[in-house]
Amino acid sequence: MSESRTPAGETRLHNLPEYSVSEISRAVKSTLEENFQRIRVRGEVSKPNYHGSGHLYFSLKDEDAVIDAVCWRGTVGRLKLKIEHGMELIATGRISSYPGSSKYQIIIDSVELAGEGALLKLLEERRKKLAAEGLFDEARKKPLPMLPAVIGVVTSPTGAVIRDILHRLADRFPRPVLLWPVAVQGEGAAEQVAAAIRGFNALLPGGKVPRPDLIIVARGGGSLEDLWAFNEEIVVRAVAAGTIPLISAIGHETDTTLIDFVSDRRAPTPTAAAEMAVPVRSELMAAIAENGHRLARAVARDLAHRRTEVQGLARGLPEPRRLIEEKTQQLDGWIERLKGAERGFFAERQRQVATLAARLVTPGEMIRRKSQELAHGATLLKNAMAAFAAKKERGLDRIAAGLRPALVTELIARRRLALDGLARLLDGLSYESVLQRGFVLVRDAAERPVTQAAAVAAGMKLTLTFGDGTVPAIAEAGGRTTSRAAKAATPAESPSSSKPKKGGPKDSGPQGSLL
């Protein structure tokens with residue numbers, strides 16, 4: 001082996017082999033897998049991560065160290081437990097390494113809780129969690145039916161539990177039983193029990209498969225591990241979500257599982273569950289018969305008591321004939337009193353009418369009084385009018401005396417000029433002057449003005465008013481008009497004719513169409 005010195009005086013060995021990182025990682029991996037092919041590791045679960053790929057990653061730790069753990073997707077579905085943070089587990093598997101991060105890890109094949117203490121700790125934590133959600137509240141529990149028509153049983157079909165339940169039901173009160181067979185322990189037992197409970201609740205009343213009125217979930221005794229399926233959260237939630245009353249009968253009287261807290265009634269044994277489900281038929285029939293006898297005796301006693309009361313009341317009543325005679329006599333007296341009161345009533349009303357009539361004034365007297373008042377008013381009115389006229393006459397005399405003749409003459413002249421102007425304006429606005437300028441007023445047979453050619457139909461009788469007279473006419477097809485006096489209309493005068501003839505129409509303001 002040759003040596004060489006570095007500038008710092010260090011010795012460098014040139015004959016040591018060189019490895020790549022991958023070679024070192026593979027060598028470490030091979031060493032671990034060869035020496036730890038099958039091991040069991042006990043530790044506390046930390047940070048479990050169910051990855052979207054289906055794999056499970058977590059860590060196992062104790063007071064001094066931590067080791068990574070991985071469980072592949074195919075193995076996760078076979079685990080008996082759902083890995084949760086804080087569990088103390090015993091994991092079985094093999095040691096390997098992950099070259100990508102230079103870490104060693106245990107690849108898990110199976111897990112189990114580390115002793116009964118760990119199971120009890122997990123059970124208590126789960127119980128507190130579900131209780132906090134209100135799943136164990138007494139208000140949620142449903143009453144059991146007195147005599148269910150159909151009973152559903154969720155248990156193993158091969159065990160002694162189903163035989164005990166059927167035998168006890170046959171002894172007490174035979175009822176139809178629907179068995180939903182399930183595994184009551186081991187892998188998948190919790191899922192089967194939950195599916196059975198949900199399946200019974202999903203049945204429709206009146207369907208092909210009868211819907212049970214009561215469900216019994218039962219299992220024989222066993223260890224805490226054997227009964228663990230009935231502590232699973234999926235079973236508890238299935239019971240809480242159901243609408244059919246449920247009796248739990250898991251294990252012996254000293255065994256307690258979480259299904260016992262959420263069920264509507266807990267039975268210490270499966271046989272006791274059957275006893276809770278139905279009454280004893282013979283005892284029930286005897287109780288019904290006894291109640292019937294007691295009811296009959298009570299009715300008989302009540303009838304006898306009522307009969308005695310009626311007889312006593314009958315003795316206290318008077319004879320009906322005598323009672324009717326007394327009431328008849330009393331009625332006759334009331335009739336006589338009514339007749340006397342009727343005569344007095346009408347006499348009093350007549351006196352009141354006579355008194356009021358004496359106070360009335362006759363119509364002749366009223367007319368005479370009103371005539372006098374009218375004559376007096378007329379005299380007053382006449383005197384007032386005379387005084388008013390005299391007063392106005394004196395006022396006019398004063399005004400006339402104060403006016404000068406020249407002013408009166410000038411005022412009359414101005415008024416005459418204004419009147420002549422208004423007369424000329426009226427003459428210019430008159431429709432007669434318009435007719436004198438060559439226009440024609442057209443009217444129909446009802447003397448209504450015709451203002452549009454579309455309103456004229458063939459054969460329609462019309463009246464044509466000119467400036468010098470009126471001519472009847474009949475309308476032809478195509479808008480032509482034929483006068484009765486001539487086949488063709490005479491042209492109107494020239495618009496230069498400004499003054500109407502004296503023989504023209506005298507209407508002061510007809511409204512119509514001027515053509």
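1. Helices (at least four residues) and strands (at least two) are here DSSP runs, numbered from the N terminus. On that basis the protein chain of this predicted model holds 13 helices and 17 strands. Of the 515 residues in the protein chain, 28% are buried. Among contacts in the protein chain between residues at least 6 apart in sequence, 61% join residues at least 24 apart.

2. One sheet deserves a separate look. A closed barrel of 5 strands follows the order E3-E4-E5-E7-E6, and its pairing is mixed. On average, and with direction ignored, neighbouring strands of this sheet are turned by 50° against each other. Helix H1 (residues 21–35) packs on the sheet, where H1 touches strand E6 (88–98) and strand E7 (103–113), and the direction of H1 makes about 140° with that of E6.

3. Within this barrel, strand E3 (residues 39–50) and strand E4 (residues 56–61) run antiparallel and are joined by 5 bridges. In this pair, asparagine 49 has tyrosine 57, in E4, as its bridge partner. As background for the bench reader, strands of a sheet pair through backbone hydrogen bonds, either parallel or antiparallel.

4. Lysine 47, which also lies in strand E3, may be worth checking in the backbone. Most residues other than glycine have a negative phi. Lysine 47, although it is not a glycine, has a positive phi of about 55°. The relative accessibility of lysine 47 is 68%, and since exposed means over 50%, this residue counts as exposed.

5. Is threonine 92 buried or exposed? This residue has its place in strand E6, and with a relative accessible area of 8% threonine 92 is buried, because the cut-off for buried is under 20%. Leaving aside neighbours within four places in sequence, threonine 92 is in contact with Arg38, Ile39 and Arg40, and also with Ile107, Ile108, Asp109 and Ser110.

6. Strand E8 (151–155) is one of the elements that cover the buried residues of H5. All of E8 is itself buried, 5 of the 5 residues, so the strand is largely enclosed by the rest of the structure. From E8, Ile151, Val153 and Thr155 point one way, while Gly152 and Val154 point the other way, and all are buried. E8 pairs with E9 in the parallel sense over 5 bridges, and in this pairing valine 153 stands opposite leucine 179 in E9.

7. Which residues of H5 are buried? They are Ala189, Ala190, Val193, Ala194, Ala196, Ile197, Gly199, Phe200 and Asn201. Besides E8, what covers them includes strand E9 (177–181), strand E10 (214–219), helix H6 (233–241) and strand E11 (246–250). The length of the helix can be checked as well: at 1.5 Å a residue, the 14 residues of H5 (residues 189–202) should span 20 Å, and the end C-alpha atoms are 20 Å apart, which agrees.

8. The contact between H5 and H6 can be described residue by residue. The two helices pack at an angle of about 10°, with their axes 8 Å apart. Because angles under 35 degrees count as roughly parallel, H5 is roughly parallel to H6. From H5 the contact takes in Ala190, Glu191, Val193, Ala194, Ile197 and Arg198, and these meet Ile234, Val235, Ala238 and Val239 in H6. By class, the contact of H5 with H6 has 8 nonpolar and 2 charged residues, and no polar ones.

9. Glutamate 232 has its place in the loop between E10 and H6. At 13% relative accessibility this glutamate counts as buried. Leaving aside neighbours within four places in sequence, glutamate 232 is in contact with Lys80, Arg126 and Ala190. Ala190 also appears among the H5 residues that meet H6.

10. Two residues of a further loop complete this note. Glutamate 447 lies in the loop between strand E13 (441–444) and strand E14 (461–466), has a positive phi of about 65° although it is not a glycine, and counts as partly exposed at 46% relative accessibility. Valine 450 lies in the loop between E13 and E14 too, but valine 450 is buried, with a relative accessible area of 9%. Valine 450 and threonine 463 are 13 residues apart in sequence, and their C-alpha atoms are 9.8 Å apart in space.

How values were computed: Residues numbered from 1 in each chain as written. Predicted model: local features only at pLDDT ≥ 70, side-chain atom pairs only at ≥ 80, totals over all residues. Heavy atoms only, no water. Expected span 1.5 Å × (residues − 1). Buried < 20%, exposed > 50% of the residue type's maximum accessible area, 1.4 Å probe, protein only. Contact = heavy atoms within 4.5 Å. Pairing = 2+ DSSP bridges. Axes fitted to C-alpha atoms, helices over the stretch in contact; angles between N-to-C directions. Parallel < 35°, antiparallel > 145°, perpendicular 65-115°, else oblique. Nonpolar A, V, L, I, M, F, W, Y, C, P; charged D, E, K, R; others polar.
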